[in-house]
Amino acid sequence: MFPFDNSYARLPEHFFRPVLPAPVAAPRLIRFNSELADELGLTLDAGDEDRLAAIFSGNSVPVGAMPLAMAYSGHQFGQFNPQLGDGRAILLGEVVDRQGRRRDIQLKGAGPTPFSRRGDGRAALGPVLREYIVSEAMYALGIPTTRALAAVATGEAVYRETPLPGAVFTRVAASHIRVGTFQYFASRDDQEGVRALADHVIARHYPELADAAKPYLALLQAVASRQAALIARWMAIGFIHGVMNTDNMTVSGETIDFGPCAFLDEYDPKKVFSWIDQRGRYAYANQPGIGQWNMARLAECLLPLLAETEDKAVEEANAVLVEFGRVFQERWLSAFRDKLGLVGEQDGDLELVNDLLAQMHDSEADFTVTFRALGQAVEEAGEGGFTALFTDRPRLSQWLARWRQRLGQDRDASAIRSAMEGVNPAVIPRNHRIEEAIQAGLSGDYGPFEALLAALERPYEERSEFAAYRIPPEREERVTRTFCGT
Ligand code: AMP
Ligand code: MG
């Protein structure tokens, strides 16, 4: 049923703690991602909801699973916490999917583990629906991300400030190894642990580096480069992760942990939604800098493996961090060139992008709507919708003139437009829509949740039945705060 092959469980025993999911009272299937299940090579009967609910609540552990909680540490808002670990997540095991990729299958909210500290090991329904929606939306947008395999209501309450309905989320990831996993061993001076983990990560995520002259340096470079590219992708769709702690940053380069995440409505580089992020550490525009900071923490863990002497190792690590900045900048500019329909690279492109962003900021223009409308403005006849988003029209006209000149005279307008529409989504999981889906779900109506998922399946298309999902929130509908929702 599950073709398990559990490589993490074969690592040294202090890497994790075996732990069984704690059964729940009355599991009921909310959603099962049968397409993903197929991709994973799982043979499950999508019609047998009771069976699926039993499996994806943790009540029935599939044959071949080796349930365990992974050990990790992490910097949370800059403060190092040596002892985190899977406190409410249990890795069932790994499968090698139909394309030969190894994938983790993890239950989130399946009960306490040795890492639960004072937590209950459970998850509330709201955050489960949120992670389901956003991770699947990221996937449809083409951004590396963990996936949603299932959501199950437990029939039990979890107690936060008030009792809330409980749920279990099944997450699929290339792996759940984080920067914080390296920190766990490094902070305990466990060099052998760091090395064993690095070897595992190379074999699993970067097999091409196994024969490199300096495999651990190459690993650091590769992780940094994937993270730089990932964050550039986030920026290009207005995604704010919200809690970029080192334990929430994978070494695979997938987006993970959708707690207080949100999408920009009106463009504001300083935008923060997360209620606990009072100082704006994880604001939209801070994300690349934080990514680099997190990579510095990873570099510290690997230092003893990087070179013969500490000085040399520090020099190598610093070069990687500089390279992170360069890769990010290159990927970011390339993504925004695509958003503007620009082909090739020309001096002045950066200014053209930044000038547009500055005007969007001044006009509080909706990030997603603006770029989508820009596609229609390739031809002057279609620019009305775009210009209507701005307050300073003379300044905008100047920008439009520069932009059209840069597009070039001899290019086919409809080809430019369709290329732009292939990168500028029409539909994103807007915060108020997520909120609406959660609120309805809390009262037992999963209709809005299902409808939102359907709208997000093909985010680059304007399908008339989902037109409402393209509309930004009215001022009073705007979500201003999100919560970690543990
Ligand atoms: P997160 O905010 O999801 O990144 O989690 C940070 C840390 O807190 C991780 O070690 C989690 O396992 C732990 N944690 C969060 N919520 C709970 C909970 N309800 N019970 C136990 N541990 C939790
Ligand atoms: Mg986390």
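**Note on the salt bridges**

1. E462 and R470 form a salt bridge through their side chains, with an N to O distance of 3.9 Å. This is in a predicted model. The pair counts as a salt bridge because the cut-off is a side-chain nitrogen within 4 Å of a carboxyl oxygen. E462 is partly exposed, at 34% relative accessible area. R470 is also partly exposed, with a relative accessibility of 24%.

2. A salt bridge joins R475 to E364, with 2.8 Å from N to O. This contact links distant parts of the chain, the two residues being 111 residues apart. R475 is in the segment after α15 (447-456), and E364 is in the loop between α9 (349-363) and α10 (367-376). R475 counts as exposed, since its relative accessibility of 57% is over the 50% limit. E364, at 41%, is partly exposed.

3. R297 and E300 make a salt bridge within helix α7 (residues 287-306). Their closest N and O atoms are 2.7 Å apart. The two residues are three apart in the helix, so about one helical turn separates them. R297 is buried because its relative accessibility is 13%, and the limit for buried is under 20%. E300 is partly exposed, at 44% relative accessibility.

4. Some salt bridges are linked to one another: D5, R10, E94, R102, D104 and R204 belong to a network of them.

5. For the structure as a whole, the search gives 38 salt bridges. The pairs described above, including R297 with E300 and R475 with E364, are examples.

Conventions: Residues are numbered from 1 along each chain as its sequence is written. Chains are lettered from A and ligands numbered from 1 in the order in which they are written. This is a predicted model: local features need pLDDT of at least 70, side-chain atom pairs count only at pLDDT 80 or more; totals for chains, interfaces and linings use all residues. Side-chain values use heavy atoms; hydrogens and water are left out. Helices (H or I, at least four residues) and strands (E, at least two) are DSSP runs, numbered from the N terminus. Buried means under 20% relative accessible area, exposed over 50%, partly exposed in between (1.4 Å probe, protein chains only).
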